[in-house]
Amino acid sequence: MYDLICIGASWGGLQAVGRVLSDLSPELDLPVAIAQHRHPDAQEATLADLLSLRTDRAVLDVEDKMPIQPRHVYIAPQNYHLLVERDSFALSVDERIRFARPSIDVLFETAAHAYGAGVIGIILTGANDDGAHGLARIKQAGGVAVIQDPLGAARRTMPDAAIAATVADAVLPVEEIANFLYGLWVNPATAAKPPVRATETSAEARATR
C-alpha cells in the first residue's frame, strides 16, 4: 500500500497540477505533497488558494514539523525546500538546487528515504531538469514513477529529463494520470506490470483536436 504522492512541476504547472488534483478519486485518501517552481515575486498564498479551487481536499502551505495527514494537499512554501520525514514535513533554506527552491529533487529524495516503496512520484511540465534525479531515487527505492507525456506538456524539458533518468511506470497525458493513480490505489500490483506509455500518435491526435 502507498503512503504519499509527490508531485513536481514548473512552467505550466498550475494547470497541470490543478487537473491532477481535480481528477483524483474521493476514495483515494493519500496525502499529496507538491513542489512547484514559482516566480520569485509570486504571492506566498496564491498557489494554495488557486489549487484549493480545484479540489475539495484541504490545501495547505507547509509549516515546519507539520504532520502528514490523509486527504490533505501540502504545498512547498515559496523559497523553502520541502523535506519529508516519517509522518511529518520539514523546511529548509539551504542553497538552491538547479536554481530552484523549493527543489523537486529534495522533496522526492527525502520522500524516498522516509517511505521507500510507499511513494508515488509524478513529474509534470517544466522547463528544466529538476526532479529527474529524485524520481529515479523513488524508483530505486521501490516506489512508482509517473511522468506527464512530454507531447502534451506546456514545457517538455522536465518530463523528457525524467524519462531519460529512469524507467517510468507510466508516461501519460495529464488527464489520464489521476485514473492511473486510482488503479494503483485499488490494485497496487498494477505498478509491477509493463510500463504504460502514451503513444506519440495518440498524443498528436489529441493535440490537433
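# Reading a predicted model: hairpin, sheet and helices

Modeller: Let us begin with a small feature. Strand 5 and strand 6 make a hairpin that has two residues between them, and Asp-87 in the turn shows a positive phi of about 75°. Please keep in mind that this is a predicted model.

Biologist: How many bridges join strand 5 to strand 6, and do they run parallel or antiparallel?

Modeller: In general, the strands of a sheet pair through backbone hydrogen bonds, in either a parallel or an antiparallel way. Here strand 5 (residues 81–85) and strand 6 run antiparallel and are joined by five bridges. To find the register, look at Leu-82, which stands opposite Leu-91 in strand 6.

Biologist: I clicked on Ser-88. Where is Ser-88 placed, and is Ser-88 buried or exposed?

Modeller: Ser-88 belongs to strand 6 (residues 88–92). Its relative accessible area is 14%, and since buried means under 20%, Ser-88 counts as buried. Strand 6 as a whole is mostly covered, with four of its five residues buried.

Biologist: Which residues is Ser-88 in contact with, leaving aside its neighbours within four places in sequence?

Modeller: With those neighbours set aside, Ser-88 is in contact with Lys-65, Met-66, Pro-67, Ile-68 and Leu-83. It also helps to compare sequence with space: Ser-88 and Asp-64 are 24 residues apart in sequence, and their C-alpha atoms are 8.5 Å apart.

Biologist: What about the chain as a whole: how many helices and strands are there?

Modeller: The protein chain has seven helices and ten strands. Of its 209 residues, 53% count as buried. Among contacts between residues at least 6 apart in sequence, 68% join residues at least 24 apart.

Biologist: Now the open sheet. What is the order of its strands?

Modeller: The open sheet has eight strands in the order 3-4-2-1-7-8-9-10, and the pairing is parallel. Strand 3 (58–61) and strand 10 (196–197) stand at the edges, each with a single partner strand, so each has one side without a neighbour in the sheet.

Biologist: How many bridges pair strand 9 and strand 10?

Modeller: Strand 9 (residues 170–172) pairs with strand 10 over two bridges, in the parallel sense. In that pair, Val-171 stands opposite Arg-197 in strand 10.

Biologist: Which strands does helix 6 touch?

Modeller: Helix 6 (residues 174–186) packs on the sheet and touches strand 1, strand 7, strand 8, strand 9 and strand 10. Its direction makes about 165° with that of strand 8. Helix 5 (residues 157–165) lies across strand 1 (4–9), strand 7 (119–123), strand 8 (144–148), strand 9 and strand 10, and runs at about 145° to strand 8.

Biologist: Thr-157 caught my eye. Where is the place of Thr-157?

Modeller: Thr-157 is in helix 5. With a relative accessible area of 39%, Thr-157 is partly exposed. Apart from neighbours within four places in sequence, Thr-157 is in contact with Gly-126, Ala-127 and Asn-128. Thr-157 and Thr-125 are 32 residues apart in sequence, with 7.5 Å between their C-alpha atoms.

Biologist: How do I read two helices that pack together? At what angle do helix 3 and helix 4 pack?

Modeller: Start with the angle and the spacing of the axes. Helix 3 (residues 104–115) and helix 4 (residues 132–140) pack at about 15°, and their axes are 7 Å apart. That makes helix 3 roughly parallel to helix 4. Helix 3 passes helix 4 in a left-handed crossing. On the helix 3 side, Asp-105, Phe-108, Glu-109 and Ala-112 meet Ala-132, His-133, Gly-134, Leu-135, Arg-137 and Ile-138 in helix 4. The residues of this contact divide into five nonpolar, two polar and three charged.

Biologist: And how do the axes of helix 4 and helix 5 cross?

Modeller: Those axes come within 8 Å and cross at roughly 40°. Helix 4 and helix 5 are therefore oblique to each other, and their crossing is right-handed. Ala-132, Leu-135 and Ala-136 in helix 4 meet Ala-161, Ala-162 and Ala-165 in helix 5. This contact has six nonpolar, no polar and no charged residues.

Biologist: Which residues of helix 4 are buried?

Modeller: They are Ala-132, Gly-134, Leu-135, Ala-136 and Ile-138. These buried residues pack against helix 3, strand 7, strand 8 and helix 5. Just after helix 4, Gly-142 takes a positive phi of about 100°.

Definitions and conventions
Residues are numbered from 1 along each chain as its sequence is written. This is a predicted model: local features need pLDDT of at least 70, side-chain atom pairs count only at pLDDT 80 or more; totals for chains, interfaces and linings use all residues. Side-chain values use heavy atoms; hydrogens and water are left out. Two strands pair if DSSP finds at least two bridges between them. Contact means heavy atoms within 4.5 Å. Axes are lines fitted to C-alpha atoms, for helices over the stretch in contact, and angles run from 0 to 180 degrees between N-to-C directions. Angles under 35 degrees count as roughly parallel, over 145 as roughly antiparallel, 65 to 115 as roughly perpendicular and the rest as oblique. A crossing is left-handed if the near helix is turned anticlockwise from the far one by less than a right angle, and right-handed if clockwise. Ala, Val, Leu, Ile, Met, Phe, Trp, Tyr, Cys and Pro count as nonpolar, Asp, Glu, Lys and Arg as charged, and the others, Gly among them, as polar. Buried means under 20% relative accessible area, exposed over 50%, partly exposed in between (1.4 Å probe, protein chains only).
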